[in-house]
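I set out to record how the strands, helices and chains of this model are arranged. The entries follow the order in which I looked things up.

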Amino acid sequence: MLQKLSISVLSCLFALGLGACGKGDEFSMTTSTPTTPPSKSANIAEVAEIVKIGSVSPLTGPQAHLGKDNESGVRMAIDEYNQAGVTIGGKKIQFKLLSEDDQTDPKTATIVAQKLVDEGVVGVIGHLNSGTSIPASKIYSDAGIPQISPSATAVTYTNQGFKTAMRVMTNDAQQGKVLGEFAVNVLKGKKIAIIDDRTAYGQGLADEVAKVAQAAGSQVVAREFTTDRSTDFMAILTAIKGKSPDVLFFGGMEPQAGPMVKQMKMLGLKAQYLGGDGMQMAEFVQIAGADGEGVYASSPGNPLEKMPGGLEFSKKFTAKYGKIQLYAPYAYDATNVLIEAMKKADSTVPAKFLPVLATLSYSGITGPIAFDEKGDIKGGAVTLYRVQKGAWVPVP
Amino acid sequence: MDIFLQQLVNGLVLGSVYALVALGYTMVYGILELINFAHGEVTMVGALVSLAAIGAILGMGLPLPGVVIVLLGLLVAMAVCAALGFLIERVAYRPLRNAPRLAPLITAIGVSIVLQNVAMLIWGKQYIPFPAILPIERYEFLGATITNLQIFIVLLSFCAMGGLVLLINRTRLGRAMRATAQAPQVASLMGVNVNSIISLTFILGSMLAAVAGVMVSAYYGLAHYYMGFLLGLKAFTAAVLGGIGNVGGAMLGGLLLGIIESLGASYIGPLTGGVLGSHYQDAFAFFVLILVLVFRPSGLMGERVAERP
């Protein structure tokens, strides 16, 4: 009996000790530099504590303009909080942006993710692409650091069971469903041809559209592939022309979509061209010129003018960083959500504010933001656009 | 059948673009045995400069037809690229002419990265659209479609090749070039100014690259600081496929590569039962290159025009 008791007491002590150790580890791992023991904090309470927030997007390569756009969105949010002054846990907080370039390359993405973890960021806004967000999410998850992607839409990203992986953007399944239904019901597509660029984004969206279109009774007559570096699509478009589809869906980005629609016209391929948010960009219209007229594309979320704080954001952003490319409002909101969660949890320790972040309801400039149990945004909106007189106009 | 014909047309146009760039690689290699990896980037600079010039001309609001504006842009691009080619050779390659062969190769890659980054600083990271000022007309024959721009590209690359062959074989300058390629020291003893011949080779090659750059951006409707990389790689492959150093080989290699890619993209899916999709067109092209090099290591057309002892 006595022996039993002593064992249980011992194990209790052991457990306590472990718990304490765990807490200590957590503290030293996640509190950002300079680490100051609590006892001294009274002296240097006036000195703002630096809290690092990471931003990852491609800053070089073909999508550099989008990457810079995201980075500027994050920077703007951080600058605003710093200007207003934030106090968390009784300490003045100075947020610092660490921006990394993942070059749209999955391998580089994991390297820069590890780098950010090592530098002690408390949260990461990124990555821009699904192809980079997914491999990086494992690293953030292992480190317990929340990752909010402003633009990754692949379903896989939030489907891996990582509590840290979240997004403020409508995912491909939600968007693909709307696009597939649009192709069948509104465009009356009986024969649908599908091209994707073999990125996680393009493929995910294209697969979803194919699934929905087939379920709705349309026929997928051609499934062709290209890469995210190609500019020549004459060969696959010729193969598609032989199948005479009514609708051609492209899952990919505008540097491919622009030349593709030009080459469709060159070949005399008359199918209605349809794409996702990667295509729904001002640059597509510029590149495609007159050939872009009448093209449809969707975009997750609402157009800037329909966002609650869209116009005001646009004014502020344009004055500081130039034209909004695409995802900057979402990068801005993702940063705001992250910081709001810290404020509400009254802690900059990821383990403490992550549960708060997961259940937070925040009204951002892009619309209401709340996450479901997977980390996807609840009720993500999808808007369809059409090119009319050289500009994307929302389809009523 | 009409699909096959259309794919041949597609391949011919794509191949002509490759051939135009490959000619520049092969000229420099023929004379210096140097693979000028910066050549693709010169193409990119040509495209971006011509777009800037075209934009400036359009901004002046002169009542000129689109073709004339593009030609003016082309002239500006050729002038800038000629200067750039001269400068690259003078600054990056000439000091290394007697260095081990690896050194200029690395320098070439360095020049290519520098040019990319300078272009990114000047023109930004955005894709720059080619203004729609060229009147595009489509012609149909036997079910295949071809546009006037495509015909122009094919004709232009054949003319460029013909012009180069004539220049090399029929002119005094060409004779001096061949002499320099064979034995630079002996050539200089015979009164050939080797330095200026090499400079001229770079200038000519760069002007061709400018033409190719303008054609590519007009055809695809955009230009970008990164566009030279893949184009340069493909053109280099074309040059190797045909036999690097051989002008006819560059042409043949370019056309073949274009046609292989087109047919590959079209038939690789059905032939493999959907296991390999059309995105394997690049892999397919490189596979053909490997096959050719295994059986004919010096390329299809074999030997260089001139062999250095």
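**Entry 1: a strand pair in chain A.** I began with strand E7 (residues 191–196) of chain A and strand E9 (residues 247–251) of chain A, which run parallel and are joined by five bridges. I looked up A:Ala193 and found that its bridge partner in E9(A) is A:Leu248. I note here that the model is a predicted one.

**Entry 2: the sheet around this pair.** I then followed the pairing outward and obtained an open sheet of seven strands in chain A, in the order E8-E7-E9-E10-E11-E14-E15, with mixed pairing. E8 and strand E15 (391–394) of chain A are the edge strands; each has a single partner strand, so one side of each lacks a neighbour in the sheet. With direction ignored, neighbouring strands of the sheet are turned against each other by 25° on average. I also checked helix H6 (residues 200–215) of chain A, which packs on the sheet and touches E7, E8 and E9 of chain A. The direction of H6 makes about 165° with that of E7(A).

**Entry 3: the contact between the chains.** How many residues does each chain bring to the contact? I recorded 31 residues from chain A and 27 residues from chain B. On the side of chain A that touches chain B, at least two residues each come from helix H2 (64–84), strand E8 (219–225), helix H7 (234–241), helix H8 (254–267) and helix H9 (282–288). H8(A) gives the largest share, six residues. By residue class, I noted 13 nonpolar, eleven polar and seven charged on this side of chain A.

**Entry 4: chain B as a whole.** I listed eleven helices and four strands for chain B. Its C-alpha trace spans about 60 × 55 × 35 Å along the principal axes. The radius of gyration of chain B is 20 Å, which agrees with the value near 19 Å for a compact globule of 309 residues.

**Entry 5: a helix pair in chain B.** I looked next at helix H5 (residues 148–170) of chain B and helix H8 (residues 194–220) of chain B, whose axes come within 11 Å and cross at roughly 170°. H5(B) is therefore roughly antiparallel to H8(B). The crossing of H5(B) past H8(B) is left-handed. Which residues meet here? From H5(B) I noted B:Leu149, B:Ile153, B:Leu156 and B:Ala160, and from H8(B) B:Leu208, B:Val211, B:Met215, B:Ala218 and B:Tyr219. The residues of this contact comprise nine nonpolar, no polar and no charged.

Methods. Residues are numbered from 1 along each chain as its sequence is written. Chains are lettered from A and ligands numbered from 1 in the order in which they are written. This is a predicted model: local features need pLDDT of at least 70, side-chain atom pairs count only at pLDDT 80 or more; totals for chains, interfaces and linings use all residues. Two residues are in contact if their C-beta atoms, placed from the backbone, lie within 7 Å. Ala, Val, Leu, Ile, Met, Phe, Trp, Tyr, Cys and Pro count as nonpolar, Asp, Glu, Lys and Arg as charged, and the others, Gly among them, as polar. Axes are lines fitted to C-alpha atoms, for helices over the stretch in contact, and angles run from 0 to 180 degrees between N-to-C directions. Angles under 35 degrees count as roughly parallel, over 145 as roughly antiparallel, 65 to 115 as roughly perpendicular and the rest as oblique. A crossing is left-handed if the near helix is turned anticlockwise from the far one by less than a right angle, and right-handed if clockwise. Two strands pair if DSSP finds at least two bridges between them. The radius of gyration is taken over C-alpha atoms; the globule rule is 2.2 Å times the number of residues to the power 0.38.
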